[in-house]
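Me: I would like to learn how to read a structure like this one, a feature at a time. Could we begin with a single residue and then widen the view?

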Amino acid sequence: MPPRQNPLKLNKLQLRTLALAQLIAGDPRSGARDEATGEVTLQSLPQPHGDHVHVADIVVAARDVSGFANPAVWTALQRKGLARPGGPVGVILTAEGVGYETGLAERLRPS
């Protein structure tokens, strides 16, 4: 039987926020990886300008990053073990958070 998609039952906003945070974590200009633990400290979160925002090497609609400013989203991700507080912007993705399959990665990555 194939593994279940979204086993932690994240809602759409939580999934989108985590997927975008994973992109930031993968960008060496915006995330610092701890090789020992697999955690990534987010050095900065992108700020919308106009109707869009630059996340790593892609451009997304400003509405798509609304979860970054929503404390309830980060609380849910922390409760599920995918993130924890810390770092310059207050977010560290755990190794589980970095590796969680959101199902959105292919749609977000530049082609």
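Me: Is Thr 94 buried or exposed, and why does it count that way?

Reply: This is a predicted model, and in it the general idea is to ask how much of a residue's area stays accessible, where under 20% relative accessible area means buried. Thr 94 has 8% relative accessibility, and therefore it counts as buried.

Me: Where does Thr 94 lie, and which residues does it touch?

Reply: Thr 94 belongs to the loop between S6 and helix H3 (95-99). Leaving aside residues up to four places away in sequence, Thr 94 touches Glu 39, Gly 81, Leu 82 and Ala 83.

Me: How should I read the sheet, and in what order do its strands come?

Reply: One reads a sheet by following which strand pairs with which. Here four strands form an open sheet in the order S1-S2-S6-S5, with antiparallel pairing. The edge strands, each pairing on one side only, are strand S1 (31-33) and strand S5 (83-84). Within the sheet, strand S2 (residues 40-42) is joined to strand S6 (residues 92-93) by two bridges, and these strands run antiparallel; Thr 41 has Ile 92 in S6 as its bridge partner.

Me: Which way do the side chains point along strand S3?

Reply: Along a strand one can compare the face to which each side chain points with whether it is buried. In strand S3 (residues 52-55) the side chains alternate, so to read the pattern one takes them in two pairs: Val 53 and Val 55 point to one face and are buried, while His 52 and His 54 point to the other and are not buried.

Me: What joins S3 to strand S4, and how many residues lie between the strands of their hairpin?

Reply: Four bridges join S3 to strand S4 (residues 58-61), and the two run antiparallel. Val 53 of S3 stands opposite Val 60 in S4. The hairpin has two residues between the strands, and Ala 56 takes a positive phi near 55 degrees there.

Me: How many helices and strands does the whole chain have, and in what pattern do they follow?

Reply: There are four helices and six strands in the chain, and along the sequence they follow the pattern α-β-β-β-β-α-β-β-α-α.

Me: What does the radius of gyration tell me about the chain?

Reply: The idea is to compare the chain with a compact globule: with 111 residues, such a globule would have a radius of gyration near 13 Å, and the chain has 13 Å, which agrees. Buried residues make up 41% of the 111 residues.

Notes:
Residues are numbered from 1 along each chain as its sequence is written. This is a predicted model: local features need pLDDT of at least 70, side-chain atom pairs count only at pLDDT 80 or more; totals for chains, interfaces and linings use all residues. Side-chain values use heavy atoms; hydrogens and water are left out. The radius of gyration is taken over C-alpha atoms; the globule rule is 2.2 Å times the number of residues to the power 0.38. Buried means under 20% relative accessible area, exposed over 50%, partly exposed in between (1.4 Å probe, protein chains only). Two strands pair if DSSP finds at least two bridges between them. Contact means heavy atoms within 4.5 Å.
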